[in-house]
Amino acid sequence: MAACYSAAMRQCQPLAPFVVPRRSLPSLWLVSDARNDAMLECAITRLPRGSGLIFRHYHLDEPQRRARFAALARMIRARGGLAVLAGSMAQARRWGADGAYGSARLIRPGGRGLRLMTAHDLGEIGLARQARADGLLLSPAFATRSHPGAPALGVLRWRMLAARATAPVIALGGMSERHARRLAVARWAAIDGLVQLACAT
């Protein structure tokens, strides 16, 4: 498993909460969801050290969600990684996350903490720039189960949009090792792709 990512992992270093330089963003991001919950522990222990976790788990109520986040955050940090919470920066700070994930309308500039913002088109890339995103998750690169039937950007349009971003770009949407090679990206994220890769038997 680690051999698959030896080149990418040179960019990943263990980092303290809320002091993440842009150049040190993890190359791999595991995105949590109801459908991959049962495999998250397996994936975290098998992904390369220094990988990131974007914790969503919108299906849980707040007490359950917070407890689940705390448990997974401990695991990813024990492996030199980062735990980012889907929500506002204020909530991320309350929960002890390394940063927040969401749209530029949700995550405002200012204060300490990693700001990972979502974008699907040129307008949202511009909003993320104004909000001073530390990283931009550009999606959907390819067809994805998260949004069945939604049109994917595809290789050419994804690259065109990524070139307009000022923050480091993380590919999302139907991502796998093969698709990462097609996009020629340094950073990518997945819900199913990383779990299947890490925990395939």
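Buried, as used in these legends, means under 20% relative accessible area. Keep that word in mind as you look through the views of this predicted model.

**View 1. Helix H7 and its buried residues.**
Helix H7 covers residues 192-199. Six of its eight residues are buried, so H7 is largely enclosed by the rest of the structure. Which residues of H7 are buried? They are Asp192, Gly193, Leu194, Val195, Ala198 and Cys199. The cover over these buried residues includes strand E1 (28-31), helix H1 and strand E8 (188-190). Keep an eye on Cys199, because at 7% relative accessibility this cysteine counts as buried, and it returns in the next view.

**View 2. The disulfide between cysteine 42 and cysteine 199.**
Searching the whole structure turns up one disulfide. Its partners are cysteine 42 and cysteine 199, with sulfur atoms 2.2 Å apart. Where do the two cysteines sit? Cysteine 42 belongs to helix H1 (residues 40-46) and cysteine 199 to helix H7 (residues 192-199), so the pair, 157 residues apart, links distant parts of the chain. The torsion about the S-S bond of this pair is about -130 degrees, which means that the disulfide is left-handed. Now compare how each partner is covered: cysteine 42, at 22% relative accessibility, counts as partly exposed, while cysteine 199, at 7%, counts as buried.

**View 3. Arginine 68 and its contacts.**
Here we move to helix H2 (residues 62-78), where arginine 68 is found. Is arginine 68 buried or exposed? At 17% relative accessibility, arginine 68 counts as buried. Setting aside residues up to four places away in sequence, arginine 68 touches Asp37, Leu40, Glu41, Phe55, His57 and Leu60. One of these contacts, Asp37, lies 31 residues from arginine 68 along the chain, and the C-alpha atoms of the two are separated by 9.7 Å. Try finding each contact in the structure by its number.

**View 4. Histidine 179 in helix H6.**
Our last stop is histidine 179, which lies in helix H6 (residues 177-183). With 12% relative accessibility, histidine 179 counts as buried. Which residues does histidine 179 contact, once its neighbours within four places in sequence are left aside? The answer is Phe142 and Gly174.

How values were computed:
Residues are numbered from 1 along each chain as its sequence is written. This is a predicted model: local features need pLDDT of at least 70, side-chain atom pairs count only at pLDDT 80 or more; totals for chains, interfaces and linings use all residues. Side-chain values use heavy atoms; hydrogens and water are left out. A disulfide is a pair of cysteine sulfur atoms within 2.5 Å. Helices (H or I, at least four residues) and strands (E, at least two) are DSSP runs, numbered from the N terminus. Buried means under 20% relative accessible area, exposed over 50%, partly exposed in between (1.4 Å probe, protein chains only). Contact means heavy atoms within 4.5 Å.
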